[in-house]
Amino acid sequence: MAGGASAANSTNSVRIVVAGDRGTGKSSLIITAAAEAFPANVPPVLPPTRLPEDMFPDRVPVTVIDTSSSLENRGKLADELKRADAVVLTYACDQPATLDRLSTFWLPELRRLEVKVPVIVAGCKLDLRDEQQPVSLEQVMSPIMQQFREIETCIECSAYKHIQIPEVFYYAQKAVLHPTAPLFDQEAQTLKPRCVRALKRIFILCDNDRDGALSDAELNDFQVKCFNAPLQPSEIVGVKRVVQEKLPEGVNENGLTLTGFLFLHALFIEKGRLETTWTVLRKFGYNNDIRLSDDQLLPPIKRTPDQSVELTSEALEFLKGVFTLFDIDGDGALNAHELEDVFSTAPESPWSEAPFAVAAERNALGGLSLDGFLSKWALMTFLNPVISVENLIYIGYSGDPSSAVKLTQRRRVDRKKQQTDRSVFQCFVFGPKEAGKSTLLHAFVGRPFTDVYTPTPATEERYTVNIVDQPDGTRKTLILREIPEDAVGKLLIHKDALAACDIAVFVHDSSSEASWTKATELLVQVASHGESTGYEVPCLIVAAKDDLEPYPTAIQDSTRVSQDMGIEAPIPISTRLGDFNNVYRRIVRAAEHPHLSIPETEAGKTRKHYHRLLNRSLMVVSVGAAVGIVGLAAYRVYATRKNASG
């Protein structure tokens, strides 16, 4: 595997800002690099200076910004530093105090300004250093570099003697185009996890026969793809020999193993040949964050607030194959280790944090079933289709990114057509505190009932998702999203708050009149919002804690509200007893009929009545006008005839 300059990189130009104490040689350094001559007269601050494009192998334009360290120019200096791709900090080799100022002022100042770019330390005026006190650069800089890990390289130079002037800017440019930080942990001296994951994916993509090793032919194909040049047979032998001597398991009878492939890249980086690894990463579409660049991914999807995105049958079949492939023990579930393996070629597992971490059902051993696996993908696609498709690509989906997802019809259109072809429904779960909302979500994914009440914070987005088998044999994915009581007001500030909702459920404690009252208030609030915005949603009432004694007027109250608002009677459930009354199927069934179960408020009825009267009045006026026009025409005919006969 031969190294080389990056043929494709994610940076079109590099902006290097040179800063340091007055008199440390900033301007002389820049002029000498650009003009290849030491200046006789140096202005206080140079204008932006463009270095020749052919100065460095990458041929990426480099602009160098000179700065003033005077107090009156401190604001301009801060602005320039914040716009830098890399910073060169200078000190004068003949003025030890300027070296001290790096750690007492300049490096802390970069941190204060939150300038998070590579730093090159340049010791200028090397020709003026007192040779009577020989101190190596390593001795001087080692303590500073330990304290300030952002320092990429230290170099001593002399503009007057033309010593290592181009190298200063080469190292700065290289630190931008081929940064160390994303790839390598300097302290641990190992490849960083995200780099390992990307290289593993590249290895798998190049292992065409899937035998876990790169054969000589596969190695050669890899070399041609990345560096546009084949490997000679002797070079392949040499590469494998280097690996085998240092790491016997890096090579087997089939070729270079993944362990050996990773070892080679660590070796390149340790030897300062970061451009080799970056060339490989960029050739396979990775950017400086070791994620696939935007042009490799699904472009943003244009959609209205009441449209959602689902996985296509092609993507679902691919995921079923992935599940089978990684279910190594064949127990029908992915354990933690198997699931980690699924995402071992992604930058990190997308499901390690909320809302995905605990969104789906797991078995007694913590394994994720196929339904649970597909449900999580459905949830991720629903919430963020671009991220979902990105992760599909990481784990091996090779089709066109746009073939993995489909856009649903608008919910508003579904209501008019009185049908929907959606496979994934989102249900907002409303209700007062301690009504049983969280319990309804937990039960949906098989979590045991508990008497311990844990309030859901208003800021937390809690979801559960599962596949619901319908009586007709169809399978739909249902997403339950809990809306804490304290979050309802904030949610309904937005006009399209209910646009993404297929059905709303209102949970109340059937033993508490106060809980019922609050639940109906929320129902009216949500229904009113739907009526005023045009995003009406089907609604169901769930009477939780049915194992407890209902409050005295529960039946009369529920009957009155259901009839007045034109929706189903409350569905009684007892999570404690495990009696759910087919509530999840009923939620899906209501979502499948988006024109039914839509509640009407008194204000909504009045508005409808007013519109009917208005339409009727317009019809009467229209009819009257038509009669008047006909009468006028008849009169004109009569008058014309009379005049003719006269």
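Start by selecting Ser27, which sits in helix α1, the run of residues 26–35. Keep in mind as you go that this is a predicted model. Is Ser27 buried or exposed? Ser27 counts as buried because its relative accessibility is 8%, and the cut-off for buried is under 20%. Now show what surrounds Ser27: leaving aside neighbours within four places in sequence, Ser27 is in contact with Val42, Pro43, Pro44, Leu46 and Asp66.

Pick Asp66 from that list and make it your next stop. Asp66 lies in the loop that runs between strand β3 (62–65) and helix α2 (74–82). Draw a distance from the Asp66 side chain to the Ser27 side chain, and you will find a polar contact of 2.5 Å. Then turn to Leu46, whose backbone nitrogen is reached by the side chain of Asp66 at 2.9 Å.

While you are here, which side chain of opposite charge is nearest to Asp66? That is Lys26, at 5.4 Å. Asp66 is buried and yet has no salt bridge. The distance to Lys26 falls outside the limit, because a salt bridge needs the charged atoms within 4 Å. Lys26 still touches Asp66, as do Val18, Ser27, Ile30, Pro44, Val45 and Leu46, with residues up to four places away in sequence not counted.

Next, colour the aromatic side chains. The whole structure holds 17 aromatic pairs. Zoom in on one of them, Phe105 and Trp106, where the rings meet edge-to-face, 4.9 Å centre to centre and with 80 degrees between the planes. Both partners are worth a look with a surface switched on. Phe105 is buried, with a relative accessible area of 17%, and Trp106 is buried too, at 2%.

For another pair, move to Tyr170 and Tyr171. These rings are tilted, with 55 degrees between the planes and 5.7 Å from centre to centre. How accessible is Tyr170? Its relative accessible area is 24%, so Tyr170 counts as partly exposed. Tyr171 is likewise partly exposed, at 31%.

Finally, select residues 314–349. An unreviewed UniProt entry annotates this span as "domain: EF-hand". In the model, the span is 56% helix and 6% strand, and its end C-alpha atoms lie 22 Å apart. To close the tour, add Phe323, Phe343, Trp351, Phe373 and Trp377 to the view: these residues form one aromatic cluster.

Conventions
Residues numbered from 1 in each chain as written. Predicted model: local features only at pLDDT ≥ 70, side-chain atom pairs only at ≥ 80, totals over all residues. Heavy atoms only, no water. UniProt positions renumbered as here; feature names shortened; annotations may be inferred. Helix = DSSP H or I, 4+ residues; strand = E, 2+ residues; numbered from the N terminus. Buried < 20%, exposed > 50% of the residue type's maximum accessible area, 1.4 Å probe, protein only. Lys, Arg positive; Asp, Glu negative; His and termini not counted. Polar contact = N/O pair within 3.5 Å; in protein donor to acceptor, adjacent residues only side chain to side chain. Contact = heavy atoms within 4.5 Å. Phe/Tyr/Trp six-rings, centres within 6.5 Å; stacked < 30°, edge-to-face > 60°.
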